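Reader: I've never read a protein model before. Could you walk me through this one?

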Amino acid sequence: MAAHGDPPNPPPGFKPHGWRPTNYLPLGMFPAASQIMSRRRTIVVVLLVALCAAAAIWLDLTSASYYVQTESRLRDAIARSGRTTPANPNLLFLAINSDSVSLDETLDLEGLFSSSSGNPESRRALEIMSKGWPWNREIYAIILERLVGAGAKVVAFDCLFPEPAPGDDAFRAALERFRPQAVIGSNFVSRENVNRSSKIPSSYDRPTETLIPKTPMPDEPVGFTNFFADENKIVRDAQYKVDFRAPGESMATHLSLSARVASKTGHPELIPNDLAEHLIRFTGRPRQGFRPRPLFEIFVPEYWEHNYGSGELLRDKIVIVGAEGKWQKDELNTPFGTMPGAEVHLNALNALLHGEFLKDLSSFPRGAVTILAALVGFGLWARIRSPWLRLFALGLVDGAAPFCALWFYNHQNLFLPCVAPLLALNSNVLFCLVADFTFVRVERAKLRSTLQTRDDLTNMIVHDLRSPLTVVTGYVDALEEMASDKLNPDEAKCVAEAKRGANDMRDMITTLLDVSRLEAGEMPLRLQNQNLAEIAREAGNRFAPVLHDRTLRCEVPPEPVLISCDADVIRRILENFISNALKFTKSGGTIRVRVQRTAANATISVSDDGEGIPRDQHGHIFEKFGQTDSGGKHRHSTGLGLAFCRLAVEAHQGKIGLESEPGKGSTFWFTLPARSHAEVNSTKKKQPPQLERIGC
C-alpha cells in the first residue's frame with residue numbers, strides 16, 4: 001500500500017525501492033553477507049586461522065608443563081569413560097596384605113590354625129609370616145612350591161630385594177628348580193657394568209649383589225618392574241622390552257615382568273619388538289578387575305580347601321604375588337586411581353595378552369588434526385553470519401569433540417590430541433568474531449557518514465528547489481488569472497495540470513523537509529488545546545469533492561475530545577490516512593474515521609474495505625521510503641507519507657499502528673495522550689523526544 005498523502009506523480013527519475021531498499025540498513029542489524037564479505041576481511045580471517053593453528057601446533061610441540069598436564073587430564077577422562085580391557089580369568093593376584101604381615105609371633109598356631117599343624121610346609125610358612133616384616137626369603141620358596149605344585153602355569157613375584165637377607169639360598173634354589181614356571185621382578189636384578197637403555201628411568205639404582213647369578217644364563221627368570229610415569233607421576237604405559245649392552249658381550253635382553261610372563265606362557269609373539277613404551281588399556285578401577293586374595297590363606301587348610309578348591313582354582317593360572325599396597329603405601333597413580341604395583345603389572349599383562357595397545361599420533365598427524373580444527377572454525381565463520389548462531393554452533397562442535405575422541409579411543413585404539421585442536425578451533429572462532437565486530441563498526445561508521453552526507457545534500461537540494469518552484473507557481477497562477485477567458489478547454493486543462501503538478505511538488509518538498517526535521521527533533525510544534533473531533537471533521541470535509549461514489553463516515557463523540565497538539569500536523573496525518581484509503585477503496589466502498597476517548601488518551605482511526613496488507617509487511621510500512629507490493633503496483637510513491645505520520649505522532653508522545661489482513665481492508669490508527677497544554681510543555685522541556693532514524 002502506498003504511503004498516505006503522497007502525490008501520485010513524483011519527479012521524473014524518482015523510483016521506489018520496494019520494502020527494504022538496499023541503500024538503507026537498520027542500525028540494529030548486521031549487514032547482509034554480500035555486504036560484509038570483502039577481500040580484505042577474508043585475508044584477515046585466513047591470517048587468523050593460520051595464526052591460531054600455528055600457535056596451537058607450537059604449544060603441542062614444545063610440550064609445556066601446563067599443556068601436558070591439561071592434555072593428560074583430558075586423556076584420563078577419556079580412558080575412564082571409554083572401553084576397558086576385559087579381565088583375563090586366568091590371572092590371579094595373591095596379595096601380601098595387612099592380614100598377611102600382621103601375624104603375631106605369639107600367635108597360637110595350634111589353636112587358631114590347628115589344621116596347619118599337620119602340614120609341615122603350611123606350619124613353616126605361617127611361622128615365618130608371624131616373625132614380622134620383612135620376612136625370611138625362604139617364604140618365597142615355599143610359596144613357589146605350593147603354587148607350582150597346585151598346577152599354576154606361571155608364578156611371578158613383584159617383590160623388591162635391596163640387599164642380601166636370610167633365605168636367599170633357599171629362594172635361589174627354588175627359582176632354579178622351577179625355572180620354567182618362575183619369574184622374579186625387581187629393579188635390582190640386572191648384571192653389573194652394562195650400558196642401560198635410555199628408556200630406563202634415571203632413578204634406577206644398581207645394587208651391589210643380585211639374587212640371579214652374574215654368569216649369563218640362557219633363560220634368566222628376570223622381569224623388570226619399571227613403569228613410566230609422566231610429570232603428574234601417573235602411570236599410563238609400560239616398558240615391555242629393554243636392551244642392555246655389556247662390555248665384551250653381544251647383547252643381553254631383559255624383559256619387563258609382564259613380557260617375561262607372556263614369554264613363559266608360550267606366547268613370545270605377543271611381546272612388542274620395539275624398545276618404546278606402550279600405552280596400555282586398563283581393566284578398570286582399582287581392585288575390581290583383579291581382586292586381591294590374601295597370601296596367608298593358601299597355607300590355612302580351611303581357606304585352601306574352601307577358597308581355592310584345594311588348589312584346583314590355581315591350575316593353569318598365571319599368579320602374581322606382590323604387595324596389596326595399602327599396608328605399605330606401595331601404590332602407583334593411574335588414570336583410574338591408585339593401584340599397587342602388582343595390580344599395575346596385572347593390567348599390563350592383561351593388555352599384552354589381549355593385544356590392547358593404545359596408539360598415539362606422531363607430530364605430523366597431530367599437526368594435521370589441529371589444522372583441520374582451525375579450518376572447521378573458518379567454516380563456521382564463512383557459512384554462519386549471525387554471531388549468536390556461530391557461538392551456538394561452536395558450542396555444539398566443542399560438545400561433540402569429546403565424543404569423537406571417545407569413538408577413536410574405543411574403536412581405533414587411538415588417542416587423538418585434545419587441547420591443541422580445541423584451542424585452535426575456539427581461538428579462531430573468537431578472534432573471527434572480534435574481527436567481524438570491528439569490521440562491522442568500521443562499515444557502520446562509513447555508512448553513517450555516507451548517509452549523513454546524502455541527507456545533507458538532499459536537504460540542501462530540496463530547500464533550494466523551493467525558490468524556482470515558487471517562481472513557477474507564481475507564473476502559472478498569473479497565467480491562469482490573466483488568460484483564463486482566452487484559453488480553449490484543452491489549454492485551460494494543461495494550465496490546471498501544470499498548477500496541480502507544481503502544488504504536488506511543493507507538498508513533496510514540504511513533506512521531505514518535515515521528515516528530516518522530525519528525525520532530527522528540530523521541527524517546532526505549536527501545541528494548543530484542540531478538539532480532536534473537530535479536526536477529524538475538517539479533514540473529512542476536504543475530501544468531499546473527490547469521494548465520487550464512495551462513502552466517508554466520521555464517527556465522533558458528541559462532546560469535545562480535547563488534547564494538546566499541533567492542529568495542522570494532526571490534520572495532515574489524518575489527510576494522509578484518508579487519501580491513502582481513497583486510493584484503495586473500490587467503487588461503492590466505505591471509509592470510516594473514528595474518534596474515541598479514554599481516561600488516558602484519545603484514539604483516532606481510519607478504516608477502509610480495500611484489499612488489505614499482508615502481515616509480514618506491517619513492520620516496515622512506517623519506514624522512510626517503504627511501501628507495500630500492492631502500493632507499488634497501483635501508484636508511484638515516495639514512501640514518505642507514513643514515515644511523516646509516525647514521526648509526527650511520536651513527536652506528540654503518541655503511538656501509531658496498523659491492523660490489516662489481505663481481503664479484509666485496513667485500519668490505520670494513532671493515539672495521543674490526553675494532557676493539558678501546560679503538561680505537554682513541561683514534559684517536552686524535561687525529556688525531549690528521542691527520534692530513531694529508521695532510514696539509516
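Reader: Let me start with one helix: is α19 (residues 641–651) largely enclosed by the rest of the structure or not enclosed, and why?

Author: First, some ground rules. This is a predicted model, where local features need pLDDT of at least 70, side-chain atom pairs count only at pLDDT 80 or more, and totals for chains, interfaces and linings use all residues. Residues are numbered from 1 along each chain as its sequence is written, and side-chain values use heavy atoms, with hydrogens and water left out.

Now, "buried" means under 20% relative accessible area, "exposed" over 50%, and "partly exposed" in between, using a 1.4 Å probe and protein chains only. Helices (H or I, at least four residues) and strands (E, at least two) are DSSP runs, numbered from the N terminus. In α19, 10 of the 11 residues are buried, so the helix is largely enclosed by the rest of the structure. Among the buried ones are L642, F644, C645 and R646. Just after α19, Q653 takes a positive phi of about 65°.

Reader: What percentage of the chain's 696 residues is buried?

Author: Buried residues make up 48% of them. The chain holds 20 helices and 22 strands.

Reader: How do I read a sheet, and what order do the strands β17, β19, β20, β21 and β22 take?

Author: Strands of a sheet pair through backbone hydrogen bonds, either parallel or antiparallel. Here, two strands pair if DSSP finds at least two bridges between them. This open sheet of five strands runs β17-β19-β20-β22-β21, with mixed pairing. Its edge strands are β17 (551–555) and β21 (655–660), each pairing on one side only. For one pairing, look at β19 (residues 590–597) and β20 (residues 601–608): they run antiparallel and six bridges join them. R594, for instance, has S605 in β20 as its bridge partner.

Reader: Which strands does helix α17 touch?

Author: Contact means heavy atoms within 4.5 Å. Helix α17 (residues 567–584) packs on the sheet and touches β19, β20, β21 and β22 (666–673). Angles run from 0 to 180 degrees between N-to-C directions, with axes fitted to C-alpha atoms, for helices over the stretch in contact. The direction of α17 makes about 170° with that of β22.

Reader: What is the mean pLDDT of the chain?

Author: pLDDT is the predictor's confidence in each residue, from 0 to 100. The chain's mean is 77, and 75% of its residues reach 70 or more. Over residues 1–37, pLDDT is below 50, though beyond near neighbours in sequence this stretch has 105 contacts in the model. Residues 683–696 are also below 50, with 22 such contacts.
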